[in-house]
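Subject: Structure for you to look at

Dear colleague,

I am handing over the structure we spoke about, with my notes on what was found in it. Please have the sequence and the 3D view open side by side while you read.

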Amino acid sequence: MIPKKLGNSGIVYRRGQQVVLRNTKTDKKIAVKVIMHDSVQGWLAENNEGDWIWYREENEKWPNEENYWAYVKKAGT
């Protein structure tokens, strides 16, 4: 069986995985714990205060969003 490529860049985000996201407007980087990822919604992630927040990827579904986020790397690497 040939594995299918998942996501835009082949990256699989798993629940509980810690990743670093970069704000595309301010270049601020934050580490969050992934709750879930969706190519349309973005990342639902837990910040360091324990709050669950949507971190939106830039796409046509969210044209009026103030902040967009981009994946940088897994946290700790």
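To begin with the pocket, the lining of the largest one is made up of K28, I30, A31, V32, N47, N48, I53, W54, Y55 and W69. Two elements, strand 2 (29-38) and strand 4, each give two or more residues to that lining. By character, the lining residues divide into seven nonpolar, two polar and one charged, and the volume of this largest pocket comes to about 160 Å³. Please keep in mind throughout that this is a predicted model, and that the values below are computed from it.

As for the overall build, the protein chain contains five strands and zero helices, so that, if you read from the N terminus on, the elements run β-β-β-β-β. The protein chain has 77 residues, of which 29% count as buried. The five strands form an open sheet, with antiparallel pairing, in the order 4-3-2-1-5. Strand 4 (52-55) and strand 5 (69-74) stand at the edges of the sheet and have a single partner strand each, which means that one side of each is left without a neighbour in the sheet. From one strand to the next, the twist averages 50°.

The part of the sheet that I followed in detail is the run from strand 2 through strand 3 to strand 4. Strand 2 and strand 3 are paired in the antiparallel sense over five bridges, and they form a hairpin with three residues between them. Within this pairing, D38 has G42 of strand 3 as its bridge partner. S39 is found in the loop between strand 2 and strand 3, and this residue counts as partly exposed because its relative accessibility is 44%, which falls between the limits of 20% for buried and 50% for exposed. Although S39 and E57 are 18 residues apart in sequence, their C-alpha atoms are 7.7 Å apart in space.

Strand 3 (residues 42-46) is joined to strand 4 by four bridges, and the two run antiparallel. Three of the facing residues can be found easily in the view: W43 has Y55 in strand 4 as its bridge partner, L44 stands opposite W54, and A45 stands opposite I53. Strand 3 and strand 4 also form a hairpin, here with five residues between them, and in its turn G50 has a positive phi of about 90°. Four of the five residues of strand 3 are buried, and strand 3 is therefore largely enclosed by the rest of the structure.

How many aromatic pairs does the structure hold? There is one aromatic pair, formed by Y55 and W69, and its geometry is edge-to-face, with 5.2 Å from centre to centre and 90° between the planes. Because Y55 lies in strand 4 and W69 in strand 5, the pair ties together parts that are 14 residues apart in sequence. Both Y55 and W69 are buried, and both names also appear in the lining of the largest pocket, so you may find it convenient to look at the pair and the pocket in one view.

One further residue may be worth a look while you have the structure open. W62 lies in the loop between strand 4 and strand 5, and it counts as partly exposed because its relative accessibility is 23%, again above the 20% under which a residue would be called buried. W62 and Q41 are 21 residues apart in sequence, while from C-alpha to C-alpha they are 8.5 Å apart in space.

With best wishes

Definitions and conventions: Residues are numbered from 1 along each chain as its sequence is written. This is a predicted model: local features need pLDDT of at least 70, side-chain atom pairs count only at pLDDT 80 or more; totals for chains, interfaces and linings use all residues. Side-chain values use heavy atoms; hydrogens and water are left out. Two strands pair if DSSP finds at least two bridges between them. Axes are lines fitted to C-alpha atoms, for helices over the stretch in contact, and angles run from 0 to 180 degrees between N-to-C directions. On a 1 Å grid over the protein atoms alone, a cavity is a set of points where a 1.4 Å probe fits but cannot get out, and a pocket is an open set with protein on both sides within 12 Å along at least five of seven lines; lining residues have an atom within 4 Å of a point. Grid points are joined across faces, edges and corners, and a volume is the space filled by probe spheres set on the points. Ala, Val, Leu, Ile, Met, Phe, Trp, Tyr, Cys and Pro count as nonpolar, Asp, Glu, Lys and Arg as charged, and the others, Gly among them, as polar. Buried means under 20% relative accessible area, exposed over 50%, partly exposed in between (1.4 Å probe, protein chains only). Rings of Phe, Tyr and Trp (its six-membered ring) pair if their centres lie within 6.5 Å; planes under 30 degrees apart count as stacked, over 60 as edge-to-face and the rest as tilted.
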